[in-house]
Amino acid sequence: MTQENAFLTASSFSNNPATAAAELKQQLSSTEISSVIFFCSAEYDLQALSFALNENFQTVKLVGCTTAGEITPNGYGQGCITAIGFEKQGFALEIAAIECLEDFELTDAQKLVDQLINDCRSHETAPIKGNTFALTLLDGLSIQEENVLVALNAALGSIPHFGGSAGDDIHLAKTHVFFDGEFHTDAAVIMLINTIYDFEVFSTHHMHQEHEKLVVTAADAETRTVYELNAEPAAVEYARVIGVNVDDLNHEVFALNPIAVKLGDEFFVRSIQQVNDDLSLKFYCAVENGIVLTEMKPGDLASDLLKKIDEIKARIGEPQLILGCDCFLRRLECERLGYSESVSEILRQNNVIGFNTYGEQMEGMHINQTFTAVAIGRNVNV
């Protein structure tokens, strides 16, 4: 493969695991491919899919996760599997698993990152400094993202880091990451990717602040559950602020009516996962007593995404690949407002492959309702 084609991308819309894996293998059939990252619908028989993937990719490193929607070479997909094959001349990709997320500490992170750096360095692809980024995929229902990300961020130091939380097609039952030939829960995988190409890790969102404030007056941080907002039942007060009935609260309403916490000069969305029977709200991200949440309104998602990609192009040139973690609530917004096709076309034209997440990760932070990604250019940087 040439400098202009350092990746192969693939997808299969077959719901038969054996057929899907075989189609991926056919599209990624190159002796230059040494590593494959895939994103798949949770609707697959995961045991059968893992067997089929292992049969078809015996000679490459294989890692992935389940999704709340896929981003394929043709844009948005649903109920399918998509994948990226990394060419060995331009990339050294090393993988480490994190199991039992609750017990993961800084000492574990430091040991793991040191080993990944040493393994990448042994390939002699490029100097580590300035030529390396980290990608994490985590169990999206583990409620352990913050714990893991803080430790990893400290250990990674100046190495840029992003990722996404696995989904399960909005069933909110079980999400999985794939490593060592199997799908796992309560687990994560971290990839250290060392490359000869220019790249930029970035994140964007299209939210604008409104005036209403919601103070968390009763919450359980461990379960990300808010019982009271402004000393009222959480769901009741949230519904009042956004002007809907409590009975009408659902994923689409959450997508179009986000609330966010302000950290420094930036607003970070704290997406609501569901309304509980006691009218409390469960969140996808960290919440705790005393934080102030601000009502937000979506701007123009497509324009924001295009603007961000154009900024990236101005710095590193035309990307040969953008590996993207796109919150599933953004996709729901697109579907609800009728611009899925136009956003899908933006993704297709800009070589985006990735998945719809239950949360995104950026430099040690767990965030929601963003498009968080790495753009990899065509210019050789070493």
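1. Let's start with strand β14 of this predicted model. β14 (residues 207-220) pairs with strand β21 (residues 292-298) through six bridges, in the antiparallel sense. If you want a place to look, find glutamine 209, whose bridge partner in β21 is methionine 296.

2. β14 also pairs with strand β15 (residues 225-229), again antiparallel, with four bridges joining the two. Here valine 216 stands opposite leucine 229 of β15. Four residues lie between β14 and β15, which form a hairpin, and arginine 224 in the turn has a positive phi of about 60 degrees.

3. A word on annotation. The UniProt record, an unreviewed entry, lists residues 32-233 as "domain: FIST". Over residues 32-233 the chain is 20% helix and 47% strand. The C-alpha atoms at the two ends of that stretch are 57 Å apart.

4. Now to the sheets. One is an open sheet of six strands in the order β1-β6-β2-β3-β10-β11, and its pairing is mixed. Its edge strands are β1 (7-12) and β11 (182-184), each of which pairs on one side only. On average, and ignoring direction, neighbouring strands in this sheet are turned by 20 degrees against each other.

5. At the β1 edge, β1 pairs with strand β6 (residues 81-87) in the antiparallel sense over six bridges. Two phenylalanines face each other there: phenylalanine 7 stands opposite phenylalanine 86 in β6. Helix α1 packs on this sheet, touching β1 and β6, and its direction makes about 155 degrees with that of β1. Helix α2 lies across β2 (33-41), β3 (61-67), β6, β10 (177-179) and β11, running at about 165 degrees to β2.

6. How do α1 and α2 sit against each other, parallel or antiparallel? The axes of α1 (residues 17-27) and α2 (residues 46-56) come within 8 Å and cross at roughly 30 degrees. Angles under 35 degrees count as roughly parallel, so α1 is roughly parallel to α2. The crossing of the α1 and α2 helices is right-handed. From α1, the contact uses Pro17, Ala18, Ala21, Ala22, Leu24 and Lys25, and from α2 it uses Ala48, Leu49, Ala52, Leu53 and Asn56. By class, that contact of α1 with α2 has nine nonpolar residues, one polar and one charged.

7. There is also an open sheet of six strands with the order β5-β4-β23-β22-β26-β13, and here too the pairing is mixed. β5 (75-77) and β13 (197-204) stand at its edges with a single partner strand each, so one side of each has no neighbour in the sheet. From one strand to the next, the twist averages 20 degrees.

8. Follow β13 to its partner: β13 and strand β26 (residues 371-380) pair in the antiparallel sense over seven bridges. Phenylalanine 202 stands opposite alanine 373 in β26. Helix α7 packs on this sheet, touching β13, β22 (321-327) and β26, with its direction at about 155 degrees to that of β13. Helix α8 (residues 328-337) packs on the sheet as well, touching β4 (70-72), β5, β13, β22, β23 (352-357) and β26. The direction of α8 makes about 80 degrees with that of β22.

9. α7 has a helix partner too. The axes of α7 (residues 301-316) and helix α9 (residues 340-349) come within 10 Å and cross at roughly 15 degrees. α7 and α9 are therefore roughly parallel to each other, and their crossing is left-handed. In this contact Leu301, Ala302, Leu305, Leu306 and Ile309 of α7 meet Val343, Ile346 and Leu347 of α9. By class, the contact of α7 with α9 has eight nonpolar residues, no polar ones and no charged ones.

10. One more helix pair is worth a look: what is the angle between α3 and α4? The axes of α3 (residues 106-122) and α4 (residues 145-156) come within 8 Å and cross at roughly 45 degrees. That makes α3 oblique to α4, and the crossing of α3 and α4 is right-handed. Leu106, Ala109, Gln110, Leu112 and Val113 in α3 meet Ala151, Leu152, Ala154, Ala155 and Leu156 in α4. By class, the contact of α3 with α4 has nine nonpolar residues, one polar and no charged.

Notes
Residues numbered from 1 in each chain as written. Predicted model: local features only at pLDDT ≥ 70, side-chain atom pairs only at ≥ 80, totals over all residues. Heavy atoms only, no water. Axes fitted to C-alpha atoms, helices over the stretch in contact; angles between N-to-C directions. Parallel < 35°, antiparallel > 145°, perpendicular 65-115°, else oblique. Left-handed = near helix turned anticlockwise from the far one by under 90°. Contact = heavy atoms within 4.5 Å. Nonpolar A, V, L, I, M, F, W, Y, C, P; charged D, E, K, R; others polar. Pairing = 2+ DSSP bridges. UniProt positions renumbered as here; feature names shortened; annotations may be inferred.
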